Amino acid sequence: MNILKHPIISRRGFRYGGALQSSFIHSSQDAVLEVCSREQEVVIALGSNVGDRLQNFNGALQLMKKAGIHITRHACLYETAPAYVTNQPQFLNSAVRAVTKLGPHELLSAVKNIEKQLGRTAGIRYGPRPIDLDILLYGRYKIHSDTLTVPHERIWERPFVLAPLIDLLGSDVDTDDVACWHSLAADRGGLFELWEKMGGESLIGKEGMRRVLPIGNNLWDWSCKTSIMGVLNLTPDSFSDGGKFQPIEAAVSQVRSMVSDGADMIDIGAQSTRPMAPMISVEEELDRLVPVLEAVTGMPEMSGKLISVDTFYSEVALEAVKRGAHIVNDVSAGQLDPQMHRVVAQLKVPYIAMHMRGDPSTMQNNENLQYDDVCNEIASELHSRIRDAELSGIPAWRIIVDPGIGFSKNTKQNLEILGGVPKIRAEIARRSLGLSHAPMLIGPSRKKFLGEVCSQPIATKRDPATVAAVTIGVLGGANIARVHNVRDNVDAVRLCDAMLKEKTS
């Protein structure tokens, strides 16, 4: 027998109506499905610990779309120790929010079919599996049948399920569906209070559970240390080192030096994005980039290091990743090329989404410098662009955020950003807790505002100020520092990491 309970819900408070048994108790699944024919918002958990776990996730997401399950949000990605049956490989876990017109049992059939297509067979309960898809929530309904229980009966005891579910929410309760989900929690205080009682953020990095971002064949836990991204400009007109590294030999030598000094990543850019810089064509950018990129990827010193391509052209991103780049760094977050999000989604690489208004030639005009609250507006505008990226198929677990220091900001606003990293995260969290946990990159290196504060008109003389700026940002919660002078900043972030570790211990 199937029973659907439809809670009576509003964002201002929760109360339940009884089971509407005259309409919602049925002896057949089909009768229930007719009641639920309108589009519903659902939450589906994903898990995998057999084979290529990430590829299993990618396959599941693609098959969901084909089945009429349209994904709107992704949680972070977690690597977790197995539960219940412990002598098996570690799991990847996440969750998605989606909308569908499938009824609850149709949805159950769809996810079971996806599991089958991806190679899941009958096995021991809680044992290894290439993919596990569980319906956690279905609209505003409680469902009890012989084959389906919603909310999923074990949400409330599993951190590896509850953490991704929390990621899919904002700290603001913004819809009646979300209000209902809080009311369905096994705690009167809702999902957030339940998560805090379980341990909340203190569980991440402990108890066999870490938040990770996939890069190449590896899973990157950005909480372990701050990463240094060394800058390699292949342009004749960059503000700091224009023209120095255009020859292949000079570029390779500079990369070798930065890696020797401790760089974790090299960011290669062949298009200047300094204020008032003219745009060059895709063809010219590739002519500058490809020979150097091919030389750098062939360097023995680059083993274990990451390469990011700094471009706002999707065609350049595509060619760079084909030739070995691991990350796409887009100063426009998709604004300057409408194909960028779609291409990056297909490439399945991490995507750095930076905040900027306008383009390099207009970003510093008076209109683009108008903010009532720079940190809150950066967060709001970045979230909007990242939501577009998600809807195009880039999961939140591949997103790195960059508040865009020096891009459509004046000196005062840049200083506010440096000290406002926690505020930016908190504002993003109002809309998406998952995105608020994403790695954050800051790039103050040698920029004009440092020269104005320190009376240093020459860019290369701003390295001490850069070290101070990076220190402020990292102590505030930044995870990647993009810099020209690697050696001095490596020591700075090591000290910051030691201080942060001491503080949390």
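Two strands are taken to pair where DSSP finds at least two bridges between them. On this criterion, the predicted model contains an open sheet of eight strands, arranged in the order β19-β18-β17-β16-β15-β14-β21-β20 and paired in the parallel sense. The edges of this sheet are formed by β19 (399-402) and β20 (441-442), each of which pairs on one side only.

Towards the β19 edge of the order, strand β17 (residues 327-330) runs parallel to β18 (residues 351-354) and is joined to it by three bridges, with Asp-330 having Ala-353 of β18 as its bridge partner. Two helices pack on the sheet and share β14 as a point of contact: helix α8 (residues 248-261) touches β14 (227-233) and β15 (265-269), its direction making about 165 degrees with that of β14, while helix α18 (residues 486-504) touches β14 and β21 (480-483), again with a direction at about 165 degrees to that of β14.

Strand β21 lies between β14 and β20 in the sheet order. With β14 it runs parallel and is joined through four bridges, and Met-229 stands opposite Arg-482 of β21. On the other side, β20 and β21 pair in the parallel sense over two bridges, with Ile-442 placed opposite Ala-481 of β21. In a regular strand the side chains alternate between the two faces of the sheet. In β21, Ile-480 and Arg-482 are buried on one side and Ala-481 and Val-483 are buried on the other, and both faces of the strand are thus covered.

Technical notes:
Residues are numbered from 1 along each chain as its sequence is written. This is a predicted model: local features need pLDDT of at least 70, side-chain atom pairs count only at pLDDT 80 or more; totals for chains, interfaces and linings use all residues. Side-chain values use heavy atoms; hydrogens and water are left out. Contact means heavy atoms within 4.5 Å. Axes are lines fitted to C-alpha atoms, for helices over the stretch in contact, and angles run from 0 to 180 degrees between N-to-C directions. Buried means under 20% relative accessible area, exposed over 50%, partly exposed in between (1.4 Å probe, protein chains only).
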